[in-house]
Amino acid sequence: MSADPRDLLLQVEGLHKRFGDHVVLAGVGLAVRRASVCTVLGPSGAGKSVFLKCLAEVLRPDAGEIRFDGRLLSAAGPAARAEFRRRCSFLFQGNALFDSLTALENVALPLEQTTDLTDAKIRERSLEALRQLEIDDCRGRYPSQLSGGMQKRLALARALVTRPELVFFDEPTAGLDPLRRNAVFAMIAKYQRQFGFTALVVTHDVVEALLASDRVALLDRGRICFEGTPTEFSASTHPVVCGFRDSAGALGSSLAAIRRGESIQSNEHETT
Amino acid sequence: MLKSLGRETLGILFGLGDFALFIAQSLRSALKARRLGRRVVRAVYEQGARCLPVILIVGAFTGLVLGLQGYYVLNRFGSQSLLGALISLSLIREMAPVLAALMLVGQAGSALAAELGIQRNSEQIVALETMGVSSHGYLVAPRLIAALLVFPLQTALFVAIGLWGGSLSGSLLLGVESGVYWSSVERAVESADVRECFMKAAVFGLLTISICAYQGFHADRCKSATGAAAVSAATTRAVVQSSIAVLVADYVITSFLV
């Protein structure tokens with residue numbers, strides 16, 4: 001599907017990344033529209049987090065182009081890169097909250113360190129973010145005193161307090177039970193609509209991702225092998241998409257085969 | 001063998017260069033850091049107030065032991081009246097800066113290395129960078145500035161409590177006149193001795209806190225361990241290297257100043 005380049009907030013072309021001899025990304029390309037939720041699916045170890053960290057400039061890609069709002073980041077100067085960072089946020093798999101800071105201090109940190117706002121204004125905006133994420137009662141508590149779901153919301157409040165245009169979500173549901181997984185994806189969808197940011201999510205939770213996303217891409221063997229709407233993903237006959245999408249059904253078949261005493265033929269292939 | 005020797009040498013030179021860049025980057029980022037004062041105050045509390053009890057205890061016992069040992073040595077030559085001079089010069093020129101630095105390494109330095117190592121492991125340091133916050137400016141620079149303030153102050157405190165300890169064992173236990181003791185201190189100590197003491201303390205502070213911060217900050221570079229084991233290894237390296245650095249720096253400074 002072709003899109004007007006002006007509608008695209010993020011464009012990635014030919015992204016390569018390797019660690020020693022281990023090729024993780026072998027020419028990844030992706031386009032993300034403004035104010036949409038785009039999810040990159042893929043099995044564990046497919047390089048999804050590496051992809052996201054290359055986009056967020058946490059890791060330096062070996063080759064490839066990343067354009068943010070039409071501007072090529074690799075050719076951008078320090079001021080433009082700082083501007084990119086100001087307009088982006090990153091929600092980490094483990095939340096990466098500061099244990100020694102209270103919830104309010106955690107949320108206020110990016111404002112304190114990157115803006116010239118007054119203390120009163122920072123407090124006001126931080127409390128507003130906590131209120132919007134419905135955790136303002138916990139402002140004085142430390143992250144270790146919060147439940148997993150509340151920590152996730154606190155991390156999201158910190159990510160959103162700077163009013164970013166693009167938020168990277170790195171495996172936001174990793175290690176959560178099904179109810180919490182649903183809640184996290186519902187939270188992303190809800191706040192994406194509320195704040196209007198663009199969300200780029202990497203996950204391996206197919207069902208939740210299909211329900212919460214506007215666009216879906218599948219990362220396999222270091223490349224994007226599918227990109228489209230959730231409906232197109234559900235209808236796709238691409239063998240890798242089918243294998244990934246129908247993994248739940250494959251488990252049923254495998255278990256049935258075990259019960260019948262048959263040997264299991266694995267169709268799983270090593271990605272990265 | 002030559003090849004491996006060359007590799008080792010290059011590795012050490014690379015490490016020293018990387019360490020120098022780390023300090024330079026941290027100090028440079030301090031110039032741009034926002035709300036640095038608050039972070040410095042917090043670091044002063046961590047390095048200063050929390051380490052105060054151990055400085056007081058070690059300082060007092062060092063003075064007490066110096067008083068006992070000094071008295072018995074000076075007594076052989078009938079020079080007990082020089083006990084104050086012996087204790088004060090030993091403390092000011094050598095023992096206080098070194099022992100206070102070693103105590104601060106054991107308490108504040110190890111805590112700093114472990115804290116930064118855990119922050120590295122749990123992606124808090126990466127999180128700062130993604131927010132556009134300089135992790136050097138936010139995490140390291142305030143600690144270095146605090147070290148320049150805290151180490152000389154703690155050393156001065158160490159000297160004061162050590163002199164009091166020396167007076168306690170010399171005057172109260174062994175019978176040296178209190179007035180003789182304190183006038184001997186006053187006559188012996190010159191401003192150059194105090195300058196040397198403070199200079200050593202500041203150098204040791206900068207050196208040890210830099211090493212501890214560097215090791216914790218790069219805990220993920222550990223090749224033989226990951227996770228908690230890497231943090232533990234980084235903390236051990238930080239304490240060992242800092243302690244050695246204090247003694248080496250002490251020798252170098254003393255050899256230039258004596």
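**Chain A and its enclosed strand 3**

In chain A, 68% of the contacts with a separation of 6 or more link residues 24 or more positions apart. The structure is a predicted model, and the description below begins with the whole chain before turning to a single strand.

Chain A contains 10 helices and 10 strands. Its C-alpha trace spans about 65 × 45 × 35 Å along the principal axes. A compact globule of 272 residues would have a radius of gyration near 19 Å, and the 20 Å found for chain A agrees with this. Of the 272 residues, 40% count as buried.

Strand 3 of chain A, residues 37–41, shows what burial looks like in one element. A residue is called buried if 20 or more other C-beta atoms lie within 10 Å of its own. In strand 3, 5 of the 5 residues are buried, so the strand is largely enclosed by the rest of the structure.

In a regular strand the side chains alternate between the two faces of the sheet. In strand 3 of chain A, Val37(A), Thr39(A) and Leu41(A) point one way, while Cys38(A) and Val40(A) point the other way. The residues of both sets are all buried.

Which strands pair with strand 3 of chain A? One is strand 8 of chain A, residues 198–203, which runs parallel to strand 3 and is joined to it by 5 bridges. Within strand 8, Leu200(A) is the bridge partner of Cys38(A). Another is strand 9 of chain A, residues 215–220, which pairs with strand 3 in the parallel sense over 4 bridges. There, Val40(A) has Ala217(A) as its bridge partner.

Note on methods:
Residues are numbered from 1 along each chain as its sequence is written. Chains are lettered from A and ligands numbered from 1 in the order in which they are written. This is a predicted model: local features need pLDDT of at least 70, side-chain atom pairs count only at pLDDT 80 or more; totals for chains, interfaces and linings use all residues. A residue is buried if 20 or more other C-beta atoms lie within 10 Å of its own, exposed if 12 or fewer, and partly exposed in between; C-beta atoms are placed from the backbone. Helices (H or I, at least four residues) and strands (E, at least two) are DSSP runs, numbered from the N terminus. Two strands pair if DSSP finds at least two bridges between them. The radius of gyration is taken over C-alpha atoms; the globule rule is 2.2 Å times the number of residues to the power 0.38. Two residues are in contact if their C-beta atoms, placed from the backbone, lie within 7 Å.
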